[in-house]
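User: I am new to this structure and would be grateful for a close look at how its helices pack and how its metal site is built. Please explain each term as it arises.

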Amino acid sequence: MALPAMTCKLILDVDTGADDAVAIMLAALHPALDLVACTTVNGNLPVPYCTANTLRVLDHIGRQDIEVYEGASHPFARDDFPVASAVRDSAGKLHGEVLPVTDSKRAKADMDAVDFLIETYRAATDEVTLVAVAPLTNIAHALTRDPGLVKRIPEIVIMGGGHAIGNITPSAEFNIWCDPEAARVVFHAGFEKLTLVPLDATHQAVVSNASCARLEALGTPAGAAASRFIRRCIAFCDQLGTMQPGTAPVHDALCVAFLVEPSIITTTRAHVDVETKGELTIGRTVINCDRRPGLLPDCDVAFGADGDRFLELLLRTFA
Ligand code: BDR
Ligand code: CA
């Protein structure tokens, strides 16, 4: 695929997943983006399913050239965390084990995702943005094994957390809740440029059934698949009654949209930490919005998003 002169290279860390799949298609098809590879991790589904779904989605849009590296199958620091059952009971129904596109005939890459991240950033001569839209297990392992990595990653964009909203508990968002210790390692690592896209922003960029009809009407593989994936999320949200009926957020794709159109989100600089112990609050992102003293702002946190521009970007790219 011919790329325009100025492209943004990125690696996507995913737990594919319906909204991950839309993010992957946006990253793989937008002419200003160069998707170097996908890495997968345990999250929405056990990691082998996430890997298979990632391969499937890339093949569906003709991007068999993009390799998929499989990563962690368990949380960073705990064996006892009930991720698998939560995934089965809740997110499993949201995402479905197998995304509804034809199975891929190719295999995942031989190398492990954590090795791939470490080696790619050691060898990189261009800037490669890391976009993490899943539990942060792979990134935490990579940072722990290679402490120099944090300085080699020029920018990291994370979908996760929530200030006013939770979606797996009243306090916590799914990606951070799945592996709070990993998230803590990542937020404490000292990244030069870290953007957090929490639920507060993604819930402002919901896609409706009517918008899915527009995506489907594009008559392209990406438009048809996006419509199918998002309609499933809408049905799930309607069942839960957590969103305006007939709409759903497409969390992960908003992070990719931000790379192309940074002003699609509005951010505030704040210190971010993660609760790893609280009985009711485990996995909560603790965001110092009031700028209480002693906590240096270290993160651009998105509290707003432009849903109309987000939809137009999806429509343009998937056409
Ligand atoms: C996040 O959790 C997952 O279910 C989605 O793929 C997204 O990354 C939203 O809370
Ligand atoms: Ca995800």
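Analyst: The account below begins with the metal site and then turns to helix packing and buried residues.

This is a predicted model, in which local features need pLDDT of at least 70 and side-chain atom pairs count only at pLDDT 80 or more, while totals for chains, interfaces and linings use all residues. Residues are numbered from 1 along each chain as its sequence is written, chains are lettered from A and ligands numbered from 1 in the order in which they are written, and side-chain values use heavy atoms, with hydrogens and water left out.

The calcium ion (ligand 2) is coordinated by Asp-15 (OD), Asp-20 (OD), Asp-20 (OD), Val-133 (O) and Asp-252 (OD), at 2.3 to 2.8 Å. Donors are N, O and S atoms within 2.8 Å of the metal (3.2 Å for Na, K and Ca); water is not among the atoms, so sites may look incomplete. Along the sequence, the donor residues of this ion follow the spacing D-x4-D-x112-V-x118-D. Distant parts of the chain are linked here: Asp-15 sits in the loop between β1 (8–14) and α1 (18–29), and Val-133 in the loop between β4 (128–132) and α5, 118 residues apart. Helices (H or I, at least four residues) and strands (E, at least two) are DSSP runs, numbered from the N terminus. Asp-15 and Val-133 are both buried, where buried means under 20% relative accessible area, exposed over 50% and partly exposed in between (1.4 Å probe, protein chains only).

Helix α5 (residues 137–145) meets helix α8 (residues 180–188), their axes coming within 8 Å and crossing at roughly 55°. Because of that angle, α5 is oblique to α8. Axes are lines fitted to C-alpha atoms, for helices over the stretch in contact, and angles run from 0 to 180 degrees between N-to-C directions. Angles under 35 degrees count as roughly parallel, over 145 as roughly antiparallel, 65 to 115 as roughly perpendicular and the rest as oblique. From α5, Thr-137, Ile-139, Ala-140, Leu-143 and Thr-144 meet Ala-182, Val-185 and Val-186 of α8, contact meaning heavy atoms within 4.5 Å. By class, the contact of α5 with α8 has six nonpolar, two polar and no charged residues. Ala, Val, Leu, Ile, Met, Phe, Trp, Tyr, Cys and Pro count as nonpolar, Asp, Glu, Lys and Arg as charged, and the others, Gly among them, as polar.

Ile-118, in helix α4 (residues 113–123), counts as buried because its relative accessibility is 6%. Leaving aside residues up to four places away in sequence, Ile-118 touches Ala-142, Arg-145 and Asp-146. The C-alpha atoms of Ile-118 and Leu-143 are separated by 8.3 Å, although the two residues are 25 apart along the chain.

A second helix pair is formed by α10 (residues 209–217) and α11 (residues 221–240), which pack at an angle of about 160° with their axes 7 Å apart. They are therefore roughly antiparallel to each other. The contact of α10 with α11 has seven nonpolar, three polar and two charged residues.

Finally, helix α12 (residues 251–260) is mostly covered, with nine of its 10 residues buried. Among them are Asp-252 and Phe-258. Phe-258 has a relative accessible area of 11%, and touches Glu-155, Val-157, Thr-195, Ile-264 and Ile-265, not counting residues up to four places away in sequence.
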